[in-house]
Amino acid sequence: MKIVVIGGTGLIGSKLVNKLREQGQEAIAASPNSGVNTLTGEGLAEVLQGASVMVDVSNSPSWDDAAVLKFFETSTRNLLSYEAAAGVKHHVALSVVGTDRLSESGYFRAKIAQEKLIKESSIPYSIVHATQFFEFLKGLADISIDGGKVHLPHVLFQPMAADDVASGVARVTVGPPVNGIVEIAGPEQFRLDELVRRRLVALKDPRQVIADPNALYSGAKLSERTLLPNNNARLGQTTFETWLNQSAPRAA
Ligand SMILES: NC(=O)c1ccc[n+]([C@@H]2O[C@H](COP(=O)([O-])OP(=O)(O)OC[C@H]3O[C@@H](n4cnc5c(N)ncnc54)[C@H](OP(=O)(O)O)[C@@H]3O)[C@@H](O)[C@H]2O)c1
(Lines give C-alpha, C1' and ligand atoms only; values in the text may rest on other atoms or scores of the structure.)
Protein backbone atom coordinates (compact mmCIF):
# COMPACT_ATOMS: atom_id res chain seq x y z
CA MET A 1 0.00 0.00 0.00
CA LYS A 2 1.42 3.41 -0.93
CA ILE A 3 1.20 5.71 2.10
CA VAL A 4 2.29 9.36 1.89
CA VAL A 5 3.44 10.82 5.21
CA ILE A 6 3.23 14.61 5.12
CA GLY A 7 5.72 15.88 7.70
CA GLY A 8 7.61 12.60 7.28
CA THR A 9 10.90 14.23 8.31
CA GLY A 10 9.56 15.47 11.69
CA LEU A 11 9.73 13.91 15.16
CA ILE A 12 6.66 11.69 14.71
CA GLY A 13 6.81 11.51 10.91
CA SER A 14 10.31 9.98 10.72
CA LYS A 15 9.41 7.30 13.30
CA LEU A 16 6.11 6.62 11.53
CA VAL A 17 7.77 6.17 8.12
CA ASN A 18 10.21 3.64 9.64
CA LYS A 19 7.45 1.69 11.37
CA LEU A 20 5.31 1.51 8.22
CA ARG A 21 8.30 0.35 6.14
CA GLU A 22 9.07 -2.33 8.76
CA GLN A 23 5.52 -3.57 8.18
CA GLY A 24 6.23 -3.83 4.44
CA GLN A 25 4.28 -0.73 3.38
CA GLU A 26 5.51 1.68 0.72
CA ALA A 27 5.80 4.76 2.97
CA ILE A 28 6.91 8.04 1.38
CA ALA A 29 8.25 10.85 3.60
CA ALA A 30 7.03 14.14 2.12
CA SER A 31 7.96 17.64 3.32
CA PRO A 32 9.45 20.86 1.92
CA ASN A 33 12.88 19.17 2.18
CA SER A 34 11.75 16.61 -0.42
CA GLY A 35 9.98 19.17 -2.64
CA VAL A 36 6.46 18.75 -1.21
CA ASN A 37 4.91 21.89 0.25
CA THR A 38 1.32 21.75 1.49
CA LEU A 39 1.11 25.56 1.75
CA THR A 40 1.84 26.14 -1.92
CA GLY A 41 0.66 22.78 -3.29
CA GLU A 42 4.13 22.17 -4.79
CA GLY A 43 4.77 18.45 -5.41
CA LEU A 44 1.41 17.28 -3.99
CA ALA A 45 -0.11 15.97 -7.22
CA GLU A 46 3.04 13.97 -7.99
CA VAL A 47 3.56 12.46 -4.54
CA LEU A 48 -0.13 11.51 -4.06
CA GLN A 49 -0.35 9.73 -7.41
CA GLY A 50 -1.30 6.10 -6.70
CA ALA A 51 -1.45 6.63 -2.92
CA SER A 52 -4.11 4.82 -0.88
CA VAL A 53 -3.54 6.71 2.35
CA MET A 54 -2.25 10.18 3.26
CA VAL A 55 -1.08 10.78 6.84
CA ASP A 56 -0.63 14.38 7.96
CA VAL A 57 1.85 14.70 10.84
CA SER A 58 3.14 18.11 9.77
CA ASN A 59 3.36 21.11 12.06
CA SER A 60 3.52 24.83 11.52
CA PRO A 61 7.04 26.31 11.64
CA SER A 62 5.57 29.36 13.44
CA TRP A 63 3.18 29.12 16.41
CA ASP A 64 2.11 32.75 16.16
CA ASP A 65 -1.74 32.75 16.24
CA ALA A 66 -2.28 34.03 12.68
CA ALA A 67 0.56 31.98 11.15
CA VAL A 68 -0.50 28.69 12.68
CA LEU A 69 -4.14 29.19 11.65
CA LYS A 70 -3.04 30.00 8.10
CA PHE A 71 -0.77 26.93 8.08
CA PHE A 72 -3.36 24.35 9.15
CA GLU A 73 -6.24 25.86 7.13
CA THR A 74 -4.28 26.31 3.89
CA SER A 75 -2.35 23.05 4.07
CA THR A 76 -5.42 20.98 4.99
CA ARG A 77 -7.51 22.54 2.18
CA ASN A 78 -4.72 21.83 -0.31
CA LEU A 79 -4.23 18.27 0.92
CA LEU A 80 -7.94 17.42 0.76
CA SER A 81 -8.30 18.83 -2.71
CA TYR A 82 -5.21 17.04 -4.13
CA GLU A 83 -6.25 13.81 -2.34
CA ALA A 84 -9.70 13.96 -3.95
CA ALA A 85 -8.10 14.40 -7.39
CA ALA A 86 -5.70 11.49 -6.79
CA GLY A 87 -8.40 9.16 -5.42
CA VAL A 88 -6.83 8.80 -1.93
CA LYS A 89 -9.11 6.63 0.21
CA HIS A 90 -8.08 7.52 3.77
CA HIS A 91 -6.98 10.84 5.29
CA VAL A 92 -5.24 10.37 8.65
CA ALA A 93 -4.26 13.37 10.78
CA LEU A 94 -2.50 13.75 14.11
CA SER A 95 -4.02 16.18 16.59
CA VAL A 96 -4.05 16.62 20.36
CA VAL A 97 -6.22 15.18 23.16
CA GLY A 98 -8.50 17.95 24.47
CA THR A 99 -8.20 20.13 21.35
CA ASP A 100 -11.94 20.94 21.43
CA ARG A 101 -11.59 22.12 25.07
CA LEU A 102 -8.66 24.46 24.33
CA SER A 103 -10.18 27.07 22.02
CA GLU A 104 -8.73 29.94 24.11
CA SER A 105 -5.39 29.01 22.53
CA GLY A 106 -4.47 30.26 19.04
CA TYR A 107 -2.58 27.02 18.34
CA PHE A 108 -5.59 24.90 19.28
CA ARG A 109 -8.01 27.10 17.32
CA ALA A 110 -5.86 26.20 14.32
CA LYS A 111 -6.06 22.46 15.15
CA ILE A 112 -9.87 22.82 15.56
CA ALA A 113 -10.00 24.44 12.10
CA GLN A 114 -7.88 21.60 10.65
CA GLU A 115 -10.18 18.95 12.14
CA LYS A 116 -13.34 20.77 10.94
CA LEU A 117 -12.09 20.81 7.32
CA ILE A 118 -11.29 17.09 7.52
CA LYS A 119 -14.69 16.19 9.00
CA GLU A 120 -16.54 18.25 6.36
CA SER A 121 -14.64 16.78 3.42
CA SER A 122 -15.82 13.86 1.30
CA ILE A 123 -12.68 11.78 2.02
CA PRO A 124 -12.95 9.01 4.64
CA TYR A 125 -10.77 9.99 7.60
CA SER A 126 -9.31 9.12 10.99
CA ILE A 127 -8.13 11.79 13.42
CA VAL A 128 -5.67 10.54 16.05
CA HIS A 129 -5.67 12.58 19.26
CA ALA A 130 -2.41 12.07 21.18
CA THR A 131 -1.47 13.48 24.57
CA GLN A 132 1.68 15.60 25.05
CA PHE A 133 4.94 13.92 23.98
CA PHE A 134 7.67 13.33 26.61
CA GLU A 135 9.98 14.94 24.01
CA PHE A 136 7.88 18.13 24.27
CA LEU A 137 8.34 18.67 28.04
CA LYS A 138 11.28 21.04 27.58
CA GLY A 139 9.37 22.88 24.82
CA LEU A 140 6.49 23.21 27.25
CA ALA A 141 8.84 24.91 29.71
CA ASP A 142 10.09 27.21 26.93
CA ILE A 143 6.57 28.42 26.07
CA SER A 144 5.59 28.82 29.76
CA ILE A 145 8.28 31.30 30.83
CA ASP A 146 7.24 34.37 32.81
CA GLY A 147 9.86 36.56 34.46
CA GLY A 148 12.59 33.94 33.90
CA LYS A 149 10.63 31.18 35.67
CA VAL A 150 8.44 28.43 34.25
CA HIS A 151 4.81 28.90 35.32
CA LEU A 152 2.54 25.88 34.93
CA PRO A 153 -0.72 24.80 36.55
CA HIS A 154 -0.76 21.78 38.91
CA VAL A 155 -3.22 19.85 36.70
CA LEU A 156 -3.28 16.22 35.59
CA PHE A 157 -1.95 15.03 32.23
CA GLN A 158 -0.99 11.68 30.71
CA PRO A 159 1.96 12.24 28.35
CA MET A 160 3.52 9.61 26.10
CA ALA A 161 6.71 8.73 24.22
CA ALA A 162 6.93 9.89 20.58
CA ASP A 163 7.71 6.29 19.66
CA ASP A 164 4.35 5.16 21.08
CA VAL A 165 2.63 8.04 19.25
CA ALA A 166 4.12 6.80 15.97
CA SER A 167 3.01 3.21 16.74
CA GLY A 168 -0.52 4.44 17.49
CA VAL A 169 -0.69 6.46 14.28
CA ALA A 170 0.74 3.52 12.26
CA ARG A 171 -1.97 1.21 13.59
CA VAL A 172 -4.72 3.63 12.55
CA THR A 173 -3.04 4.25 9.18
CA VAL A 174 -3.16 0.61 8.10
CA GLY A 175 -6.71 0.12 9.42
CA PRO A 176 -10.03 1.24 7.93
CA PRO A 177 -11.10 4.91 8.28
CA VAL A 178 -13.02 5.41 11.55
CA ASN A 179 -14.57 8.72 10.38
CA GLY A 180 -14.04 10.00 13.91
CA ILE A 181 -11.38 10.41 16.58
CA VAL A 182 -9.11 7.76 18.12
CA GLU A 183 -7.40 8.78 21.37
CA ILE A 184 -3.94 7.57 22.39
CA ALA A 185 -2.13 8.37 25.64
CA GLY A 186 0.69 7.37 27.97
CA PRO A 187 0.42 4.67 30.65
CA GLU A 188 0.68 7.02 33.68
CA GLN A 189 -0.82 10.27 34.93
CA PHE A 190 1.32 13.09 36.27
CA ARG A 191 0.96 16.69 37.40
CA LEU A 192 2.02 19.08 34.62
CA ASP A 193 4.30 21.28 36.75
CA GLU A 194 5.90 18.29 38.51
CA LEU A 195 6.87 16.35 35.37
CA VAL A 196 8.26 19.43 33.60
CA ARG A 197 10.33 20.08 36.78
CA ARG A 198 11.64 16.48 36.69
CA ARG A 199 12.56 16.85 33.01
CA LEU A 200 14.44 20.11 33.58
CA VAL A 201 16.33 18.57 36.51
CA ALA A 202 17.33 15.61 34.30
CA LEU A 203 18.53 18.08 31.66
CA LYS A 204 20.44 20.06 34.33
CA ASP A 205 18.35 23.05 33.22
CA PRO A 206 18.40 25.49 36.17
CA ARG A 207 15.04 27.11 35.42
CA GLN A 208 12.64 27.03 38.37
CA VAL A 209 9.14 25.63 37.82
CA ILE A 210 6.35 27.38 39.73
CA ALA A 211 2.98 25.68 40.33
CA ASP A 212 0.72 28.56 39.34
CA PRO A 213 -3.07 28.06 39.25
CA ASN A 214 -3.42 31.05 36.90
CA ALA A 215 -0.74 29.92 34.42
CA LEU A 216 -1.98 29.23 30.90
CA TYR A 217 -1.09 26.28 28.65
CA SER A 218 -0.37 27.58 25.14
CA GLY A 219 -2.68 30.51 25.98
CA ALA A 220 -5.55 28.45 27.41
CA LYS A 221 -6.78 28.10 31.00
CA LEU A 222 -6.76 24.48 32.15
CA SER A 223 -8.92 22.71 34.68
CA GLU A 224 -7.93 19.54 36.55
CA ARG A 225 -8.84 17.13 33.71
CA THR A 226 -8.69 19.24 30.50
CA LEU A 227 -5.61 17.38 29.16
CA LEU A 228 -6.70 13.85 30.12
CA PRO A 229 -7.84 11.32 27.51
CA ASN A 230 -11.18 9.49 27.67
CA ASN A 231 -11.55 6.00 29.14
CA ASN A 232 -11.33 4.34 25.70
CA ALA A 233 -7.88 5.75 24.87
CA ARG A 234 -5.29 3.24 23.65
CA LEU A 235 -2.32 3.42 26.03
CA GLY A 236 1.34 3.30 25.03
CA GLN A 237 3.68 1.08 27.04
CA THR A 238 6.66 3.35 27.60
CA THR A 239 6.77 4.79 31.12
CA PHE A 240 8.42 8.15 31.76
CA GLU A 241 11.21 6.49 33.75
CA THR A 242 11.97 4.05 30.90
CA TRP A 243 11.94 6.86 28.34
CA LEU A 244 14.19 9.00 30.52
CA ASN A 245 16.73 6.18 30.87
CA GLN A 246 16.61 4.86 27.31
CA SER A 247 15.25 7.22 24.65
CA ALA A 248 16.03 10.64 26.10
CA PRO A 249 19.84 10.10 26.26
CA ARG A 250 19.81 8.73 22.68
CA ALA A 251 17.80 11.73 21.44
CA ALA A 252 20.23 14.11 23.17
N1 LIG B 1 4.01 18.30 20.78
C2 LIG B 1 3.10 17.53 21.33
O3 LIG B 1 3.19 17.18 22.52
C4 LIG B 1 1.93 17.03 20.49
C5 LIG B 1 0.95 16.24 21.09
C6 LIG B 1 -0.06 15.69 20.28
C7 LIG B 1 -0.10 15.97 18.92
N8 LIG B 1 0.85 16.79 18.36
C9 LIG B 1 0.79 17.02 16.90
O10 LIG B 1 1.79 16.25 16.27
C11 LIG B 1 2.04 16.77 14.95
C12 LIG B 1 3.50 16.56 14.58
O13 LIG B 1 4.34 17.15 15.53
P14 LIG B 1 5.94 16.94 15.47
O15 LIG B 1 6.45 17.45 16.78
O16 LIG B 1 6.28 15.57 15.02
O17 LIG B 1 6.33 17.98 14.32
P18 LIG B 1 7.82 18.43 13.87
O19 LIG B 1 8.86 17.52 14.41
O20 LIG B 1 7.93 19.90 14.16
O21 LIG B 1 7.78 18.20 12.29
C22 LIG B 1 7.02 19.04 11.49
C23 LIG B 1 7.02 18.46 10.08
O24 LIG B 1 6.15 19.29 9.28
C25 LIG B 1 6.82 19.51 8.06
N26 LIG B 1 6.34 20.74 7.42
C27 LIG B 1 6.50 22.02 7.83
N28 LIG B 1 5.97 22.88 6.92
C29 LIG B 1 5.47 22.10 5.90
C30 LIG B 1 4.84 22.39 4.67
N31 LIG B 1 4.58 23.65 4.27
N32 LIG B 1 4.49 21.35 3.86
C33 LIG B 1 4.74 20.06 4.24
N34 LIG B 1 5.34 19.73 5.41
C35 LIG B 1 5.70 20.73 6.22
C36 LIG B 1 8.30 19.59 8.42
O37 LIG B 1 9.08 19.42 7.24
P38 LIG B 1 10.64 19.91 7.10
O39 LIG B 1 11.45 18.96 7.94
O40 LIG B 1 10.94 19.79 5.64
O41 LIG B 1 10.67 21.32 7.62
C42 LIG B 1 8.39 18.42 9.39
O43 LIG B 1 8.52 17.21 8.69
C44 LIG B 1 1.54 18.22 14.99
O45 LIG B 1 0.45 18.36 14.11
C46 LIG B 1 1.08 18.44 16.43
O47 LIG B 1 -0.10 19.23 16.51
C48 LIG B 1 1.86 17.30 19.10
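**The ligand and its pocket**

In this predicted model, the ligand sits in the largest pocket.

Reader: Okay, what volume does the largest pocket have?
Author: Let's begin with the pocket itself, where the ligand sits. The volume of the largest pocket comes to about 700 Å³.

Reader: Which residues of the lining lie nearest the centre of the largest pocket?
Author: The lining is made up of 35 residues. By class, 20 of them are nonpolar, twelve polar and three charged. Nearest the centre are Val-57, Ser-58, Asn-59, Trp-63 and Tyr-107.

Reader: And which elements give two or more residues to that lining?
Author: For the lining of the largest pocket, look for elements that supply at least a pair of residues. Those elements are helix 1, strand 4 and helix 4.

Reader: Now the ligand: which residues around it are the closest?
Author: The shell around the ligand holds 26 residues. It splits into 13 nonpolar, twelve polar and one charged. The closest to the ligand are Thr-9, Leu-11, Ser-58, Tyr-107 and Lys-111.

Reader: Which element brings the largest share of that shell?
Author: Helix 1 (11-22), strand 4 (90-96) and helix 4 (106-120) each put in at least two residues. The largest share is three residues, and the element behind it is strand 4.

Reader: What's the distance from a polar backbone atom of Phe-133 to an oxygen atom of the ligand?
Author: A few backbone atoms pair up with ligand oxygens, so to speak. For Gly-7, a backbone N or O atom is 3.2 Å from a ligand oxygen, and for Gly-10 the figure is 3.0 Å. For the polar backbone atom of Phe-133, the distance to a ligand oxygen is 2.9 Å.

Reader: How much of the ligand's exposed area does the protein bury?
Author: Start with the ligand taken alone, which exposes 940 Å². Of that area, the protein buries 84%.

Notes: Residues numbered from 1 in each chain as written. Predicted model: local features only at pLDDT ≥ 70, side-chain atom pairs only at ≥ 80, totals over all residues. Heavy atoms only, no water. Near = heavy atom within 4 Å. Polar contact = N/O pair within 3.5 Å; in protein donor to acceptor, adjacent residues only side chain to side chain. Areas by Shrake-Rupley, 256 points an atom, 1.4 Å probe, with all protein chains shown as cover. 1 Å grid on protein atoms, 1.4 Å probe; cavity = no way out; pocket = protein on both sides within 12 Å on 5 of 7 lines; lining within 4 Å. Sits in = over half its atoms within 2 Å of the grid points. Helix = DSSP H or I, 4+ residues; strand = E, 2+ residues; numbered from the N terminus. Nonpolar A, V, L, I, M, F, W, Y, C, P; charged D, E, K, R; others polar. Points joined across faces, edges and corners; volume = space filled by probe spheres on them.
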